[in-house]
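Here's a short tour of the protein chain you have in front of you. Keep the viewer open and follow along.

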Amino acid sequence: VAAAAAAAAAMMLSCAGAARAAPPVFNEPVDPATSPLIQDLLRRTAENKDARVKERLDDYNRRNFKDYFDVVDKGVYGKELSANDIAIREKLKQWEEKK
């Protein structure tokens with residue numbers, strides 16, 4: 001039994017020192033300045049930034065001030081429309097089309 005244990009220990013020691021390949025690294029850090037994917041995403045973000053800011057502002061105004069704009073729009077009967085009234089009516093038409 002002692003001989004078998006000694007043989008098993010010798011076998012484990014010989015396997016422990018065996019050369020092994022390092023496992024592949026999948027999630028290596030990438031330098032954003034040289035990554036074509038990140039550069040493309042940054043370019044597209046910059047191109048669409050102004051349109052997205054305007055879209056968020058329009059959506060905010062539509063959700064939070066629609067009642068006000070409806071009252072202003074319906075309260076102009078019998079008087080001349082100002083430039084602001086015309087702009088409000090145009091914005092209301094845009095919001096109705098988006099529904």
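Let's start with helix H3, residues 83-98. At 1.5 Å a residue, its 16 residues should span 22 Å, and the C-alpha atoms at its two ends sit 23 Å apart, which agrees. Which residues of H3 are buried? They are Asp85, Ile88, Leu92 and Trp95. These four cover an arc of only 85° around the axis, so they sit on the same side of H3. Flip to the face turned away from that buried side and you'll find the exposed residues Ala83, Lys93, Glu97 and Lys98.

Now zoom out a bit. This is a predicted model, so a word on confidence is in order: pLDDT is the predictor's own confidence in each residue. The mean pLDDT of the protein chain is 77, with 68% of its residues reaching 70 or more. Among the elements, helix H1 (residues 2-16) has the lowest mean pLDDT, 61, while helix H2 (residues 36-74) has the highest, 85.

The overall layout is quick to describe. The protein chain has three helices and zero strands, in the order α-α-α along the sequence. Of its 99 residues, 10% are buried. The accessible surface adds up to about 8800 Å², and carbon and sulfur atoms account for 61% of that.

Next up is H2, where the charged side chains get interesting. The structure holds seven salt bridges. Here are three of them, with the gap between the closest N and O atoms:

| Salt bridge | Closest N and O atoms |
|---|---|
| Asp40 with Arg44 | 3.6 Å |
| Asp58 with Lys54 | 3.0 Å |
| Arg62 with Asp59 | 2.3 Å |

Why can partners like these meet along a helix? An α-helix has 3.6 residues a turn, so residues three or four places apart point the same way. The pairs fit that picture. Asp40 and Arg44 both lie in H2, four residues apart, or about one turn of the helix. Asp58 and Lys54 are also four residues apart in H2, so about one helical turn separates them. Arg62 and Asp59, again both in H2, are three residues apart, about one turn.

Buried or exposed: how do the partners count? Asp58 has a relative accessible area of 11%, and buried means under 20%, so Asp58 is buried. Its partner Lys54, at 48% relative accessibility, counts as partly exposed. In the Asp40 and Arg44 pair, Asp40 is partly exposed with a relative accessible area of 28%, and Arg44 is partly exposed too, at 43%. For the remaining pair, Arg62 is partly exposed at 27%, and Asp59 counts as partly exposed at 28% relative accessibility.

The Asp40 and Arg44 bridge also belongs to something wider: Asp40, Arg43, Arg44 and Glu47 are linked in a network of salt bridges.

One last stop, this time away from the charges. Which residues make the nonpolar surface patch of about 420 Å²? Leu57, Tyr60, Phe65 and Tyr68 do. Phe65 lies in helix H2. With a relative accessible area of 35%, Phe65 counts as partly exposed, and patch members need over 30%, so Phe65 clears that cut-off.

Note on methods
Residues are numbered from 1 along each chain as its sequence is written. This is a predicted model: local features need pLDDT of at least 70, side-chain atom pairs count only at pLDDT 80 or more; totals for chains, interfaces and linings use all residues. Side-chain values use heavy atoms; hydrogens and water are left out. Buried means under 20% relative accessible area, exposed over 50%, partly exposed in between (1.4 Å probe, protein chains only). Accessible areas come from the Shrake-Rupley method with a 1.4 Å probe; for residues, only the protein chains shown count as cover. The expected span of a helix is 1.5 Å times one less than its number of residues. The arc is that of the directions from the helix axis to the C-beta atoms. pLDDT is the predictor's confidence in each residue, from 0 to 100. Patches are made of residues with over 30% relative accessible area and no salt bridge: like charges are joined within 9 Å, nonpolar side chains (Val, Leu, Ile, Met, Phe, Trp, Tyr) within 5 Å. A salt bridge is a side-chain nitrogen of Lys or Arg within 4 Å of a carboxyl oxygen of Asp or Glu.
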